[in-house]
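Grab a pencil and work through these exercises with the model open beside you. Each task is followed by a solution in steps.

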Amino acid sequence: MLFAERQHLAQTLSNLSSAEFEQIGFTLNVPRSIMPAATAPQGERAAALLAWVETTGPGLTILQDVLGQISGKERPDRPAHCPYKGLSYFDCNGEDYQNFYGREALTQVLLDKVTHGNFLALVGASGSGKSSVLRAGLLQQLKDKGGYEIRILVPGEHPLQSLALAFVEAGWNRLDRAEQQQKAKRLIQSGAEGLCALVETSLAEKVVLVVDQFEEAFAPHQDTTERLAFFETLLGGLDAAGTKLCLILAMRSDFVGKCFEQHYGGLARWVQKHLEPVLPMTQEELTRAIEEPARQSGVGLEPGLTRAMLDDLQQAPGRLPLLQYTLTELWHGQQNHQLTFSTYHQLGGVAGALKQRADDAYSSLTLEQQQTAKHIFMNLTHLGEGAEDTRRRVTQASLVTPQHPEARVAEVVKHLADANLVVTDDQGELAQGQPKVTVEVAHEALIRSWPQLREWLDDDRKALIQQRSLEQAAQEWDHHSRAQGYLLSGKKLADAVEYDRHYKTTFGLSDRAQDLLRHSRHRQRRDRVAIATLVVGISSLAVIAQGQRSQRQFQEQYAAVLVGAETSPPLVQVLPRALATAERQAARENINAAIESYKALLIATRRFESAAQGPEGGFQAGDRQIIQTTAQQAEANLADLLAQHYLPAVAQDLDQQQWGSLIDGTLLTDYEDQYEPGALRSTYTLLMRTPGLKADLNDNGVLDATEAFLIPCPTLVALETLWRQATNNRCGFRAEDDDYFDDNCGELLGHTLSDRIFSRSDSFIERAAFCRIPGLPP
């Protein structure tokens, strides 16, 4: 370059405004160490800049190009592509990584762990950038290296189905995808062996299976049986596939403790050994995340703007999504290729940008649409129980209620999606053979940082919890072919009726939940008639033995005890006479009737015991003695009947070493038909069905606390003894250190009787502990 031209360049630099000079320095990424302070004469700063550009910098030609842009010559239009992500994560799509800065060190750590291992638990707080460093950092690096097949899933409501869908190729036509999905489903249903088969068909050196938002598997509504099967499939497949499979779990840090609550196929050990935390970004890392994407796009930041955002971030929880959202809004409001303070102040800073967008989107709706928007946002929120509220993915169809018709839900969802507040996905369209759009909030930062949504959630939390519980009960009922055992009863039904009456117009139930309520009330009316008939019949038998003189009085008292309508002290005197009635039924070989009478007595004495605990109840010491004696005798007599008539069948199966097993694909409401013939089936029948104890009063295949209480302790001890003797002490209701798993019990494939028969009922475990099963801790 001629001397005169260089002098002209130096003069031009000297005449720039302070802001323009700073923008050139930012665009060229000039090291701060070579530049004089901003208070120094502009000519001195221009000379230092020229010297750096000519020696170690990009050269004078590049400087001239940048200067031309800054001074307004040959300025291109604003770059069309925004390098910031708003509330979305940076993905492994071959593009986002170019603007993903600040996590280079962590990405390298993760890459080393995956390259040399086959399990990684990536854990961080909500808003820490887990998904971005996982996808645009680690997974993009693996893609670039080659030799890896990457499969990504989010658990959702049915994690096993999501796992199968992860192995379906997205680019195929609908028919081919449907066929592929069915094959994947069948393989996943077979558990770890099926997952291993899917992995082994890959031509890649290693399959990387990523479960993002792993905390969804612990959602309160999640079916515990499917959750366990999901975990066992993942970890069992990891063992079976060896180095061919690498499993990566990404989850929120406040859910890590959930991994340690149960055995879960060894999940806790894997997580504890291979946990990698996503720590908050340092000031230097945040600066790179703010400035580098703009610099790469030829856009500057007004001097001091980065510092202002860093200061605001100190006060903002879950800060990375808020930062990215603010930068996105600043980008769209840029002036002369510069992100400015004026736009930043208009947005309300880091904390105000998202609030302003959400408020604007909400206020632009009609009154009816606003009610539907509120309904949508509240249904897209998981209410935290001892933890923060989290986002919830639902189908768009599930948002439709009589108060919020389908057309309005669709238009409001579109409006919110256009505002980038919610995201929709139709990936699950093949699950039911028809379109199935899912909806979720764009990020949990919206749940935490939008005051309007926080106010709604705080005001109506109790009603929301009850609504969510009823909707989940309706889903379970529908999932099990609307079986009688999944209908509501007792207090649950009473609470549901009261909820529907009070919140029908504000938090109305779906059509499916309304159907559940209607069928439950119908069964309640039917059962009341049946109970009344039974009471009259049993009371009539008892009356004959009492003589004609006290017929009416004893009939009424016996009915009160059986139905449990009263627990007043005078009725205590009915208990010994009711016990005698049951004993006469047993003596006459009317075994089923005797068992039902003893069960009714056990329930009645439990109610009396509860009523007699307080000093105000009017019960005397003699009353309490009658209650206790009747309960003990009823339990002993009931155990004797079971031992005489049903225990021998279990003993015979065990003597012949016919253990039996669970049949794949069966449901709890298949009852004894869940099992192959053998001791497992005969044990289940003795405890849960008729002929037998029929502890499962509600016919739902599981035990609540009242039902578990009906199992006599002597019966449990006898069964435990028989199983232990037949299996050389390997199998029983519980293991020494686990309620549901026992690696020593090969006869039950590593499970306990509690797991195989009672589907992990906490109520039964409490009963077993109370009964002090021999050789096991209480």
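Two residues are in contact when they have heavy atoms within 4.5 Å. This is a predicted model, where local features need pLDDT of at least 70 and side-chain atom pairs count only at pLDDT 80 or more, while totals for chains, interfaces and linings use all residues. Residues are numbered from 1 along each chain as its sequence is written, and side-chain values use heavy atoms, with hydrogens and water left out.

**Exercise 1. The overall picture**

Work out how many helices and strands the protein chain has, what share of its residues is buried, and what share of the contacts between residues at least 6 apart joins residues at least 24 apart.

Step 1: Count the elements, taking helices (H or I, at least four residues) and strands (E, at least two) as DSSP runs, numbered from the N terminus. You should get 33 helices and 12 strands.

Step 2: Sort residues by relative accessible area: buried is under 20%, exposed over 50%, and partly exposed in between (1.4 Å probe, protein chains only). Of the 778 residues, 52% come out as buried.

Step 3: Take the contacts between residues at least 6 apart in sequence; 68% of them join residues at least 24 apart.

**Exercise 2. A helix pair**

Describe how H9 and H10 pack, and say which residues make the contact.

Step 1: Two packed helices are described by the angle between their axes and the distance between the axes. Axes here are lines fitted to C-alpha atoms, for helices over the stretch in contact, and angles run from 0 to 180 degrees between N-to-C directions.

Step 2: For H9 (residues 192-200) and H10 (residues 224-241), the angle is about 55° and the axes are 7 Å apart. That makes H9 oblique to H10; under 35 degrees would be roughly parallel, over 145 roughly antiparallel, 65 to 115 roughly perpendicular, and the rest is oblique.

Step 3: List the contact residues. H9 supplies Ala192, Leu195, Cys196 and Val199, and H10 brings Glu232, Thr233, Leu234, Gly236, Gly237, Ala240 and Ala241.

**Exercise 3. Salt bridges**

Find what Asp91 pairs with, and explain why the pair links separate parts of the chain.

Step 1: Look for a side-chain nitrogen of Lys or Arg within 4 Å of a carboxyl oxygen of Asp or Glu, which is what a salt bridge means here. The structure holds 36 of these salt bridges.

Step 2: Asp91 meets Arg135, with 3.6 Å from N to O. Asp91 sits in the loop between H4 (60-70) and H5 (104-116) and Arg135 in H6 (residues 130-145), so the pair ties together parts 44 residues apart in sequence.

Step 3: Check the surroundings. Asp91 is partly exposed at 22% relative accessible area, whereas Arg135 is buried at 7%.

Step 4: Try another pair, Arg151 and Glu149, whose closest N and O atoms are 2.8 Å apart. Arg151 is buried too, at 11%.

**Exercise 4. A glycine in H6**

Is Gly137 buried or exposed, and which residues does it touch beyond its neighbours within four places in sequence?

Step 1: Locate Gly137 in helix H6. Its relative accessible area is 4%, so Gly137 is buried.

Step 2: Leave out the neighbours within four places; Gly137 then contacts Phe100, Thr107 and Ser132.

Step 3: Measure across to Glu104, which is 33 residues away along the chain: the C-alpha atoms of Gly137 and Glu104 are 7.5 Å apart.
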